[in-house]
Amino acid sequence: IIGISNIADVVVELYLEGNRIASLRPLGVMPHLQVLNLKNNQVRSFAGTRAQPRLTHVHLALNPLSQLVYYRPMCVHAFRPIRIGELFIDESRVTRAECTGVAWASFADEVDIAVRAGWLL
């Protein structure tokens, strides 16, 4: 995503569906980003993602990473929105149970590091 850093401070909605994008790393921090649509691309991991505090809608369906078993909780950990209860992933609201289940709660910090580094595939 060449040149995105030039407009990162003002972007509220970003629609890049079907563009053969393979990495989330170039997004950086977009302090006002609320909608991120990267459906139907080639994203395989959350490697290099940064917190997107105002994010309310993320669309990553039809990417290889959306087939992962823990895709939805990993998405929450990768983007770290302020209000988890207001986050929608691929048109479905994230539930507290998805993010605070026993499997995740016991090692949330380690999971966060692994997701951001791209280790959890």
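The paragraphs below go through this predicted model from its overall layout to its sheet, its core and one charged pair.

The chain has 121 residues, of which 42% count as buried. Its secondary structure amounts to four helices and five strands, and these elements follow one another along the sequence in the pattern β-β-β-α-β-β-α-α-α. The accessible surface of the chain comes to about 6,700 Å², and carbon and sulfur atoms account for 54% of that area. As for how distant parts of the sequence meet, among the contacts with a separation of 6 or more, 37% are between residues 24 or more positions apart.

The five strands form an open sheet with mixed pairing, in which the order is β1-β2-β3-β4-β5. Strands β1 (13-15) and β5 (92-93) stand at the edges of the sheet, and because each has a single partner strand, one side of each is left without a neighbour there. Further into the order, strand β2, residues 35-37, runs parallel to strand β3, residues 57-59, and three bridges join the two. Val35 takes part in this pairing, with His57 as its bridge partner in β3.

From the sheet one can move on to the nonpolar residues. The largest nonpolar core has 27 residues, and those that touch the most other members are Leu36, Phe46, Val58, Leu60 and Phe79. The element that gives the most to this core is helix α1, residues 71-79, which supplies six residues. Leu36 is a useful place from which to look around: once its neighbours within four places in sequence are set aside, Leu36 is in contact with Leu14, Leu27, Leu55, His57, Val58, His59 and Phe79. Two of the residues in that list, Val58 and Phe79, are themselves named with Leu36 among the core members that touch the most others.

The last feature to consider is a charged pair. Side chains of opposite charge can pair when their charged atoms come close. The structure holds one salt bridge, and its partners are Glu86 and Arg83, whose closest N and O atoms are 3.9 Å apart. This pair counts as a salt bridge because the cut-off is 4 Å between a side-chain nitrogen of Lys or Arg and a carboxyl oxygen of Asp or Glu. Are the two partners buried or exposed? Glu86 is partly exposed, with a relative accessible area of 40%, whereas Arg83 is exposed, with a relative accessible area of 53%.

Definitions and conventions: Residues numbered from 1 in each chain as written. Predicted model: local features only at pLDDT ≥ 70, side-chain atom pairs only at ≥ 80, totals over all residues. Heavy atoms only, no water. Pairing = 2+ DSSP bridges. Buried < 20%, exposed > 50% of the residue type's maximum accessible area, 1.4 Å probe, protein only. Contact = heavy atoms within 4.5 Å. Areas by Shrake-Rupley, 256 points an atom, 1.4 Å probe, with all protein chains shown as cover. Core = buried A, V, L, I, M, F, W, Y, C linked by side-chain atoms within 4.5 Å.
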